[in-house]
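Hi there,

Thanks for offering to take a look at this one. I am passing it on to you here, and my notes come right after it.

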Amino acid sequence: MIDPVLGFDPVSGRVDTAAADHLLDEANDAGLTIAWLLETHAHADHLSAADYLKRRTGATLAISARITGVQQTFAPRVGADDVQPDGRDFDRLLEDGETLPLGHLTIDVMATPGHTPACVSYRVGDALFVGDTLFMPDYGTARCDFPGGDARQLYRSMHRILSLPRETRLFLCHDYKAPGRDVFAWETTVGDQADRNVHVGGNVSEDDYVAMRDARDATLKMPKLLYPAIQVNIRGGRLPPADEHGRRSLTLPVDLPEDF
Ligand SMILES: N[C@@H](CCC(=O)N[C@@H](CS)C(=O)NCC(=O)O)C(=O)O
Ligand SMILES: [Fe+2]
């Protein structure tokens, strides 16, 4: 399972496992055993269901080895003093080019940093799960303004993806639906992206891409669930530990004006 999600309502604090339970039911109905829980990155917009699913399935939780840098950046900002920033919240820390066994198949790990420093894509046969790199061709590409993000690096990662055979199927993390398109989409191909991705299709140069990306990122708001998501996701999907009264809380660091 790649990038499983917990439901979370930031107003009530309510967590729900409906989406993860649905995945478990689907796997069960298909007679599948869950071997791996794979994160493409530490998501900034939703809480990971990886820990919940790990407790249900016993699967191995894996993420890029670069997650340690993300933990070092964020743990102090959100007072996550229980987090040791050495990746121990995950079972496997992955390097570019590693392979993981999956039944009679193999999963190839491909480092695709840029959106975050710890982004990886996973290739199984002709299917590549690209995380937040390319979005649908009519929407473009992922933002690069999170800590450690880098538009130049994302451009190079995307070109690594675009150098795969044109018929390679790409499965995306998000679909924000381009203006004029009202139905969700999640699958495309290398050829389609190379021909018509609105940010990098055709022959967009690295410098032009970086200028476009930086300008656009300056206009984007923080994801609504940034702080809750980061606090849970750098812990491999664990909620913060309970206090002596059994209460679990998420932190919202206050951003004060200088002359407050
Ligand atoms: N409005 C969304 C934005 C989430 C967001 O920033 N998504 C990232 C991926 S984690 C992105 O690349 N967005 C591109 C864009 O918004 O154009 C939210 O609040 O959750
Ligand atoms: Fe993301």
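Below is what I found, going from the metal site to a residue in a helix and then to the surface.

Please keep in mind that this is a predicted model.

Let's begin with the iron ion (ligand 2). H41 and H115, each through NE2, and D132, through OD, coordinate the iron ion (ligand 2) at 2.0 to 2.3 Å. Along the sequence, these donor residues follow the spacing H-x73-H-x16-D. H41 sits in the loop between β3 (36-38) and β4 (47-48), while D132 sits in the loop between β10 (127-129) and α4 (151-162), so this pair ties together parts that are 91 residues apart in sequence. As for the geometry, the arrangement is irregular because the four donor atoms subtend angles of 91 to 165°, and four donors count as tetrahedral only if all angles lie between 85 and 135 degrees. H41 is buried, at 2% relative accessibility, and D132 is buried too, with a relative accessible area of 4%.

Next, have a look at Q193, which is part of helix α5 (residues 190-196). How buried is Q193? Its relative accessible area is 0%, so Q193 counts as buried. Beyond its neighbours within four places in sequence, Q193 is in contact with a set of residues including L134, F135, M136, P137 and L162. L170, L172, T188 and G201 are also among the contacts of Q193.

Finally, the surface. V254, L256 and F260 make a nonpolar patch of about 390 Å². V254 belongs to the segment after α7 (226-233) and is exposed, with a relative accessible area of 65%.

Enjoy exploring, and best wishes!

Technical notes
Residues numbered from 1 in each chain as written. Chains lettered and ligands numbered in written order. Predicted model: local features only at pLDDT ≥ 70, side-chain atom pairs only at ≥ 80, totals over all residues. Heavy atoms only, no water. Donors = N, O, S within 2.8 Å, 3.2 Å for Na, K, Ca; no water. Tetrahedral: all angles 85-135°; square planar, octahedral: opposite > 155°, others 65-115°. Helix = DSSP H or I, 4+ residues; strand = E, 2+ residues; numbered from the N terminus. Buried < 20%, exposed > 50% of the residue type's maximum accessible area, 1.4 Å probe, protein only. Contact = heavy atoms within 4.5 Å. Patch = residues over 30% accessible without salt bridge, like charges linked within 9 Å, V, L, I, M, F, W, Y side chains within 5 Å. Areas by Shrake-Rupley, 256 points an atom, 1.4 Å probe, with all protein chains shown as cover. Salt bridge = Lys/Arg side-chain N within 4 Å of Asp/Glu carboxyl O.
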